[in-house]
Amino acid sequence: MEHVIALHQVYGELIFRGLKSHEIRRSRIFDEGDIVFLYIARGNLFTLKRTLEKLGLTEEQLLTKRGTIAGGFEVGEVIKADFETLWELTKDTSGLTFVHGEERGKQWLKEYVKNYGYAFTIEKPFLFKEPISREEMKEKYGVFVEGIIHLSSKTRQPWVKALLEDLMSRETVFI
């Protein structure tokens, strides 16, 4: 199955730089082998700038652009676990510790998943040679996308099916 989800730019950058290999969700919406396309959402610009400084990078060196579907990945192993187990499994691979520090990252995860959640491995990340912008989506599919929450091939909406077909046919660069 194919999906489009929004992810803050800072986490997209970490995925495409090989520094984030787990994604965490409250509920099981993905299965092993699914393809996830990433709509790069704005997020907190201060957090992005601070993370870029940690990486020794400038904004000119970003691999992604806000407001685009920049690329994606294949879903690997999916794990359901309680909060403590999720934290131990993903604290160094989810980007939470890198972006927020250990204490704040753990607090964020607890607030997000409460008692339990799902983690899955990010495999075969790729960038599009030509990302699709929200302006292009409006022009091609007649929808204005400010921030995609979650679209999937389960939908009956013709524009979503057309978008997913477009994404599946785009030229990619595997990281």
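**Entry 1: the Phe cluster**

I started with the aromatic rings, and found Phe 37, Phe 126, Phe 128 and Phe 174 linked into a cluster by ring pairs. Worth jotting down straight away: this is a predicted model. I then looked up one pair from the cluster, Phe 126 with Phe 128, and read off 5.7 Å between ring centres and 65° between the planes. That makes the pair edge-to-face, because planes over 60 degrees apart fall in that class. Both partners are covered: Phe 126 is buried, and Phe 128 is buried as well. Searching the whole structure gave me eight aromatic pairs.

While on rings, I also checked for charges sitting over them. Lys 54 lies over the face of Phe 98, 5.4 Å from the ring centre.

**Entry 2: strand β4 and its partners**

Next I followed strand β4, residues 68-82. How many of its 15 residues are buried? I noted eleven, so the strand is mostly covered. On one hand β4 pairs with strand β3 (residues 35-41), antiparallel, over five bridges. On the other, eleven bridges join β4 to strand β5 (residues 116-133), again in an antiparallel arrangement.

Gly 71 of β4 was a handy landmark for me here. Leu 38 stands opposite Gly 71, and Gly 71 also stands opposite Leu 127 in β5.

**Entry 3: the nonpolar cores**

I wanted to know which residues have the most contacts inside the largest nonpolar core. They are Leu 38, Phe 73 and Leu 109, in a core of 35 residues. Strand β4 gives this core its largest share, six residues. A second core lies apart from it, with 18 residues, including Val 4, Tyr 141, Val 145 and Leu 164. A reminder to self: in soluble globular proteins, nonpolar side chains tend to be buried together.

I listed the contacts of Phe 73, leaving out neighbours within four places in sequence. Among them are Ile 15, Val 36, Leu 38, Phe 120, Ile 122 and Phe 126. The list is not purely nonpolar, though, as Asp 34, Glu 123 and Lys 124 are on it too.

**Entry 4: salt bridges**

I counted 14 salt bridges in the model. The pair Glu 84 and Lys 106 has its closest N and O atoms 3.7 Å apart. This one links distant parts of the chain: Glu 84 sits in helix α3 (residues 83-90) and Lys 106 in helix α5 (residues 102-113), 22 residues apart. Both ends are partly exposed, Glu 84 at 40% relative accessibility and Lys 106 at 30%.

The pair Glu 136 and Lys 140 comes in at 3.4 Å between the closest N and O atoms. Why are these two separated by about one helical turn? Because they are four residues apart in helix α6 (residues 134-141). Glu 136 is partly exposed at 22%, and Lys 140 is partly exposed at 44%.

**Entry 5: a network of charges**

Last, I looked up Arg 170, which forms a salt bridge with Asp 166, the closest N and O atoms being 2.9 Å apart. Buried or exposed? I found Arg 170 buried, and Asp 166 buried too. These two do not stand alone: Glu 136, Lys 140, Asp 166 and Arg 170 are linked in a network of salt bridges. I noted that the network joins buried residues, Asp 166 and Arg 170, with the partly exposed Glu 136 and Lys 140.

Key
Residues numbered from 1 in each chain as written. Predicted model: local features only at pLDDT ≥ 70, side-chain atom pairs only at ≥ 80, totals over all residues. Heavy atoms only, no water. Salt bridge = Lys/Arg side-chain N within 4 Å of Asp/Glu carboxyl O. Buried < 20%, exposed > 50% of the residue type's maximum accessible area, 1.4 Å probe, protein only. Pairing = 2+ DSSP bridges. Phe/Tyr/Trp six-rings, centres within 6.5 Å; stacked < 30°, edge-to-face > 60°. Lys NZ or Arg CZ within 6 Å of the ring centre and 35° of its normal. Core = buried A, V, L, I, M, F, W, Y, C linked by side-chain atoms within 4.5 Å. Contact = heavy atoms within 4.5 Å.
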